[in-house]
Amino acid sequence: MRVCIIGAGVAGLISAHVIKQLSETYQRITTQIVIYEQNSSLGGTWVLNNPGSSMYEDLVTNLPKHVMQFSNVAFPESVPEYPSHEQVLNYIREFAALHRLDELIVFQRQVVLVSPKESGFLVETKDLVSQAEFLEEFDSVLVCNGVRDSSRLFLY
Ligand SMILES: Cc1cc2nc3c(=O)[nH]c(=O)nc-3n(C[C@H](O)[C@H](O)[C@H](O)COP(=O)(O)OP(=O)(O)OC[C@H]3O[C@@H](n4cnc5c(N)ncnc54)[C@H](O)[C@@H]3O)c2cc1C
């Protein structure tokens, strides 16, 4: 089973982690997960210099770290109750490295179109460095592109 995840922000990473865990637990299904990320690093909105990010230099979170953290990985003790954007980004990066999610990401690859097939989906992507275009088949697609990018829904 091939799964495509669009976006390596928090939503894409936690989705990949859950699917990976499920496929390891229920070994009857071999799952190949690919995360396409248009930027050159993971973390989505928490990356200050990502194009279109509205993150700002002196931001601290509006939620306590215990409310924001992933269920199986705590923020380090040394991080204050309301972390800075940099501390959140480091925490997300550590989570991705711990669960080897970073190995699943293809950076600077933009998903340009997802089309339904009779069974599964056709996914068109573009390498933003070489401008090469790719067309692949996936059984499932998870759209984790955040709220900052416009998207169009296909009609069945
Ligand atoms: C200023 C600010 C402050 C915030 N403060 C808090 C807070 O204190 N606590 C809290 O819990 N939440 C906060 N949030 C909410 C934050 O958006 C979420 O916590 C979370 O990071 C959203 O993750 P996401 O994965 O849904 O989206 P994003 O982080 O936006 O990630 C989406 C990813 O998808 C990629 N992508 C998009 N389109 C494509 C495409 N076509 N092809 C390939 N890749 C694509 C993008 O490049 C991006 O990396 C804040 C948000 C902002 C903007």
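1. In this predicted model, S2 and S3 are joined by three bridges and pair in the parallel sense. Across from Ile105 in S3 stands Ile35.

2. That pair belongs to an open sheet of four strands, ordered S3-S2-S1-S7, with parallel pairing. Strand S3 (105–107) and strand S7 (140–143) are its edge strands, each pairing on one side only. On average, neighbouring strands of this sheet are turned by 20 degrees against each other, direction ignored.

3. H1 packs on this sheet and touches strand S1 (2–6), S2 and S7. The direction of H1 makes about 175 degrees with that of S2.

4. The largest nonpolar core has 28 residues. Those that touch the most other members are Cys4, Ile5, Leu13, Ala16, Ile35 and Ile92. S1, H1, S2 and helix H3 (85–98) each supply at least two residues of this core, and the largest share, six residues, comes from H3.

5. Ala16 deserves a separate entry. With neighbours within four places in sequence left aside, Ala16 is in contact with Ile5, Ile33, Ile35, Leu101 and Leu104. Of these partners, Ile5 and Ile35 are also listed with Ala16 among the core residues that touch the most other members. Ile35 is, in addition, the residue that stands opposite Ile105 in S3.

6. A further open sheet has three strands in the order S4-S5-S6, and the pairing here is antiparallel. Its edge strands, S4 and strand S6 (133–138), each pair on one side only. Neighbouring strands of this sheet are turned by 25 degrees against each other on average, direction ignored.

7. Within the three-stranded sheet, strand S5 (residues 121–127) and S6 run antiparallel and are joined by six bridges. Thr125 stands opposite Phe134 in S6.

8. The ligand is surrounded by 28 residues, of which the closest are Gly7, Gly9, Gly44, Thr61 and Gly146. By class, this shell holds 13 polar, twelve nonpolar and three charged residues.

9. Helix H1 (10–25), strand S2 (32–37) and strand S4 (109–116) each supply at least two residues of the shell around the ligand. H1 gives the most, with three residues. H1 therefore appears in several of these points, but the assignments are separate: H1 packs on the four-stranded sheet, supplies at least two residues of the largest nonpolar core, and contributes three residues to the ligand shell.

Technical notes
Residues are numbered from 1 along each chain as its sequence is written. This is a predicted model: local features need pLDDT of at least 70, side-chain atom pairs count only at pLDDT 80 or more; totals for chains, interfaces and linings use all residues. A residue is near a molecule or strand if its C-beta atom, placed from the backbone, lies within 6 Å of it. Ala, Val, Leu, Ile, Met, Phe, Trp, Tyr, Cys and Pro count as nonpolar, Asp, Glu, Lys and Arg as charged, and the others, Gly among them, as polar. Two strands pair if DSSP finds at least two bridges between them. Axes are lines fitted to C-alpha atoms, for helices over the stretch in contact, and angles run from 0 to 180 degrees between N-to-C directions. Two residues are in contact if their C-beta atoms, placed from the backbone, lie within 7 Å. A nonpolar core is a set of buried Ala, Val, Leu, Ile, Met, Phe, Trp, Tyr and Cys residues joined through C-beta atoms within 7 Å. A residue is buried if 20 or more other C-beta atoms lie within 10 Å of its own, exposed if 12 or fewer, and partly exposed in between; C-beta atoms are placed from the backbone.
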